[in-house]
Amino acid sequence: MTAQVTGARSRMAGGTLVAQLRDLLSARRLRRLLGFSTLQLLVQAAGFAAGIVIVRTLSPQDYGLYTLVVSGVALGNVMLDLGLANAALAIGGPLASSAPALGGLLRDACRLQRRLMLWLALPLLVMFGLMLHGSHAPSPPALFALAVLGLGTSVLNAGNALRGSVLRLCGQISAQQRLDAGVNAVRALTVAALAWVGLDAVAATALLAGGAALMRFALRPLLRDMFERDIGAPAPRDGNHGGELRRLVRQQAPNSLYYCVNSQLPLWLLAALGGTARVAEAGALGRLALLLAMVLAAVSALVQPYVARATQPGALAAGVAAVNGFFLLLCVALLGLSLAAPEQMLWILGGHYNGLQRELPWLVAAAVLAAWAGALYSIGAARGWLVPAPWVVGTGVVSTALGVAMFDVATVRGSLMLNTFTAGVSAVLMLAFVGRALRRYARGHEEPP
């Protein structure tokens, strides 16, 4: 009898999930996704084109330096945010229909971010200098220029990400996409022009910083017009969310700081053990992984706000199921392509990198698994469901130690195998945690313990 009841409940739950998936993937949402994807394809195409021109133009030595700068910028983006954009989403979800409330939230979050920047700017500048000094920067002025430009890019990117999270909650996705498309197009055209007259690591980094500055400049009138229209005042008042923002940032900070180290460790080990040329090869392959940026943009722009605003457990479960199914199909499709046509994929990078066919599938696997884990973490964070730091750090340290022992991290292939292994462990952890959180939410508990 018990088995029959359990089976009936399982069939009912399965039928409910199917119904929720049908509702989630309605014709209206599919049209919206198609429109978003079409415009986002243009956005990513411009950014991807700029990256490929840089790969093909810079010498391996210069591209190795540029890759380390990009690695440092990625680290700086995380450290100057520490989960603040996700915290704004988690708090702002219930406030999405009130522009005044969102304006106050953004004001509080920007104040907290400025404090983070004051505390962390000097340590990050020193970090950039040490990374590049160990990689034989061509001269002290070039080293200083790269470090300052890298730090400036991180500062601007972190601020842009915070403002973008509030824009998405307000439904301003198309406007933000248009800004992204315009900035990427300007950068791509500038890169193409400079490639004719000469492009080095410093110039490429300056273009990176210039793109972030242009985005900040473009966001200001968009935010101002939105709040003036909906609030009737030049600027929103404080929202008294400082305490809750700090609480969520404190919860996420250990995970963010650990991510800063763990995500970049394979590249740093490769730089220390394999040299700048190997770093250039890893960085060039990483350009192909940027094709996944469109997927991550869709998660940030469409899925995160949907999850933050959702109130029904079934709707949340359907959203998570759709994300997991999509990443599973994406992993299979891209791995098949990398095995079937590696020469064609590597041709994009130019003649310096044609011999990386054995490394390509590992790049694809590492990139998809990392994106999958990141998407699930973002979904949980949008609800305030934050993975406990001991879970993240403990599994990460163990998997990294095992990977370093198993793989030759002085080679590009070994470095990518380490990335694949650690990303796979992270994806499994996130699947388990978000699934557990969903089950608790369905039973009436908003946050997992």
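1. In this predicted model, helix α3, which spans residues 60–79, packs against helix α6, which spans residues 140–169, at an angle of about 35 degrees. The axes of the two helices lie 8 Å apart, and the crossing of α3 past α6 is right-handed.

2. On the α3 side, the residues that make this contact are V69, G72, V73, G76 and N77, while α6 contributes L146, G150, T153, S154, N157 and A158. Sorted by character, the residues of the contact between α3 and α6 comprise four that are nonpolar and seven that are polar, with no charged residue among them. A reader who counts by eye should bear in mind that glycine is placed with the polar residues here, so G72, G76 and G150 of this contact are counted on the polar side.

3. Turning to the protein as a whole, the secondary structure consists of 16 helices and zero strands. The protein has 449 residues, of which 50% are buried. When contacts between residues at least 6 apart in sequence are considered, 84% of them join residues that are at least 24 apart. The accessible surface amounts to about 20200 Å², and carbon and sulfur atoms account for 67% of that area.

4. The structure contains two salt bridges, and one of them joins the side chains of R111 and D108, with an N to O distance of 3.5 Å. Both residues belong to helix α5, which covers residues 99–133, and because they are three residues apart in that helix, about one helical turn separates them. The partners differ in their exposure: R111 has a relative accessible area of 28% and is therefore partly exposed, whereas D108, at 6% relative accessibility, counts as buried, since the cut-off for burial is under 20%.

5. The side chains of R247 and E244 also meet in a salt bridge, here with an N to O distance of 2.6 Å. These two residues lie in helix α9, which runs over residues 242–274, and they are likewise placed three residues apart, about one turn of the helix. In this pair R247 is partly exposed, with a relative accessible area of 26%, and E244 is partly exposed as well, with a relative accessible area of 34%.

6. Which class does each partner of the R111 and D108 bridge fall into, buried or partly exposed? R111 is the partly exposed partner, and D108 is the buried one; in the bridge of R247 and E244, by contrast, R247 is partly exposed and so is E244.

How values were computed. Residues are numbered from 1 along each chain as its sequence is written. This is a predicted model: local features need pLDDT of at least 70, side-chain atom pairs count only at pLDDT 80 or more; totals for chains, interfaces and linings use all residues. Side-chain values use heavy atoms; hydrogens and water are left out. Axes are lines fitted to C-alpha atoms, for helices over the stretch in contact, and angles run from 0 to 180 degrees between N-to-C directions. Helices (H or I, at least four residues) and strands (E, at least two) are DSSP runs, numbered from the N terminus. A crossing is left-handed if the near helix is turned anticlockwise from the far one by less than a right angle, and right-handed if clockwise. Contact means heavy atoms within 4.5 Å. Buried means under 20% relative accessible area, exposed over 50%, partly exposed in between (1.4 Å probe, protein chains only). Accessible areas come from the Shrake-Rupley method with a 1.4 Å probe; for residues, only the protein chains shown count as cover. A salt bridge is a side-chain nitrogen of Lys or Arg within 4 Å of a carboxyl oxygen of Asp or Glu.
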